[in-house]
Amino acid sequence: MTTTHHPTEATLLEYFSGTLDEGRRIVVAAHLEMCASCRRLLSAMETMAGDHLVSTPPEPLAQGAFERTMARLDAAAASPAKSHPTAHDLPVKVRALESYELGPWRWIGPGVYWRGVVLPEKGTSRVFLLRAAPGTHLPQHTHEGTELTVILKGAFRHEGGRFGAGDCDDADDSVEHSPIVEDGEECICLVAMEGTIRLRSLLGRLIQPLVRL
Ligand SMILES: [Zn+2]
């Protein structure tokens with residue numbers, strides 16, 4: 001799979017250092033499953049962190065980043081992800097979602113369905129899946145926080161280019177966009193959204209209560 005859009009370096013660094021909130025971490029992990037180039041970057045960061053440990057006199061690491069990474073790796077190795085039945089009806093296998101409960105698909109507008117991902121604790125971002133029929137115009141919107149999206153299936157286009165399966169759209173609050181799903185195939189995205197979204201259309205106002213934190 002060839003991906004052309006990736007999380008920003010700042011987002012990847014936060015993922016690496018363990019400071020990313022759970023919702024955004026799930027989306028980055030889903031992107032990593034589909035993006036060899038970001039996996040290589042992460043692995044280079046791990047090597048650099050290891051070299052740093054070897055070349056530094058023994059003293060506690062200020063940020064504890066390496067320990068957190070190792071703890072995460074240990075935890076991942078020790079506990080294979082629990083599979084939740086509802087994660088298996090997705091047309092695409094997403095390991096990052098397998099230990100989470102998913103809600104039912106809910107119709108939110110013509111050709112558009114929304115499905116919440118249940119997080120054990122309320123974090124700073126809300127995570128959900130969006131499924132939209134080919135040719136759907138998604139509501140034009142802007143937001144007060146960040147919106148991190150990974151495309152699981154299909155493709156959409158907006159002012160920032162074309163986003164196909166595996167691509168990541170890492171948008172901050174300066175972005176205002178109106179995605180259009182490509183013809184021929186439905187599009188399924190996994191989204192972590194911070195803050196409040198401001199939607200401009202009727203469809204947008206239908207989505208608003210669902211995506212508001
Ligand atoms: Zn990538």
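**View 1. Surroundings of Thr3 in the segment before H1.** In this predicted model, Thr3 is placed in the segment that precedes helix H1. Its relative accessibility is 12%, so Thr3 counts as buried, the limit for that class being under 20%. Leaving aside residues up to four places away in sequence, Thr3 is in contact with His31, Met34 and Cys35, and also with Ala165, Gly166 and Asp167.

**View 2. Coordination of the zinc ion.** Four residues coordinate the zinc ion: His6 through ND1, His31 through NE2, and Cys35 and Cys38 each through SG. The coordination distances are 2.0 to 2.3 Å. The angles among the four donor atoms are 98 to 117°, and the site is tetrahedral. Along the chain, the donors have the spacing H-x24-H-x3-C-x2-C. Distant parts of the chain are linked by the pair His6 and Cys38, which lie 32 residues apart. His6 belongs to the segment before helix H1 (9-17), and Cys38 to helix H3 (residues 36-55).

**View 3. Accessibility of the zinc donors His6 and Cys38.** His6 has a relative accessibility of 28% and is therefore classed as partly exposed, a class that runs from 20% to 50%. Cys38 has a relative accessible area of 3% and is buried.

**View 4. The largest nonpolar core.** This core holds 33 residues, of which Leu97, Val117, Leu129, Leu152 and Leu190 touch the most other members. At least two residues of the core are supplied by each of H1, helix H2 (22-34), H3, strand S4 (125-132), strand S6 (147-153) and strand S12 (187-194). H2 provides the largest share, seven residues. In soluble globular proteins, nonpolar side chains tend to be buried together.

**View 5. Contacts of Leu190.** With residues up to four places away in sequence not counted, Leu190 touches Ile26, Val27, Ala30, Leu97, Val117, Val127, Phe128, Leu129, Leu148, Thr149, Val150 and Leu152. Apart from the largest core lies another core, of 15 residues, including Ile108, Phe128, Phe163 and Cys187.

**View 6. The open sheet of strands S8, S7 and S11.** Three strands form this open sheet, in the order S8-S7-S11 and with antiparallel pairing. Strands S8 (161-163) and S11 (180-181) stand at the edges; each has a single partner strand, so one side of each is left without a neighbour in the sheet. Strand S7 (residues 156-158) pairs with S8 over three bridges in the antiparallel sense. Phe156 has Phe163 in S8 as its bridge partner.

Conventions. Residues are numbered from 1 along each chain as its sequence is written. This is a predicted model: local features need pLDDT of at least 70, side-chain atom pairs count only at pLDDT 80 or more; totals for chains, interfaces and linings use all residues. Side-chain values use heavy atoms; hydrogens and water are left out. Two strands pair if DSSP finds at least two bridges between them. Helices (H or I, at least four residues) and strands (E, at least two) are DSSP runs, numbered from the N terminus. Donors are N, O and S atoms within 2.8 Å of the metal (3.2 Å for Na, K and Ca); water is not among the atoms, so sites may look incomplete. Four donors count as tetrahedral if all angles lie between 85 and 135 degrees; four count as square planar and six as octahedral if opposite donors are over 155 degrees apart and all others between 65 and 115; anything else is irregular. Buried means under 20% relative accessible area, exposed over 50%, partly exposed in between (1.4 Å probe, protein chains only). Contact means heavy atoms within 4.5 Å. A nonpolar core is a set of buried Ala, Val, Leu, Ile, Met, Phe, Trp, Tyr and Cys residues joined through side-chain atoms within 4.5 Å.
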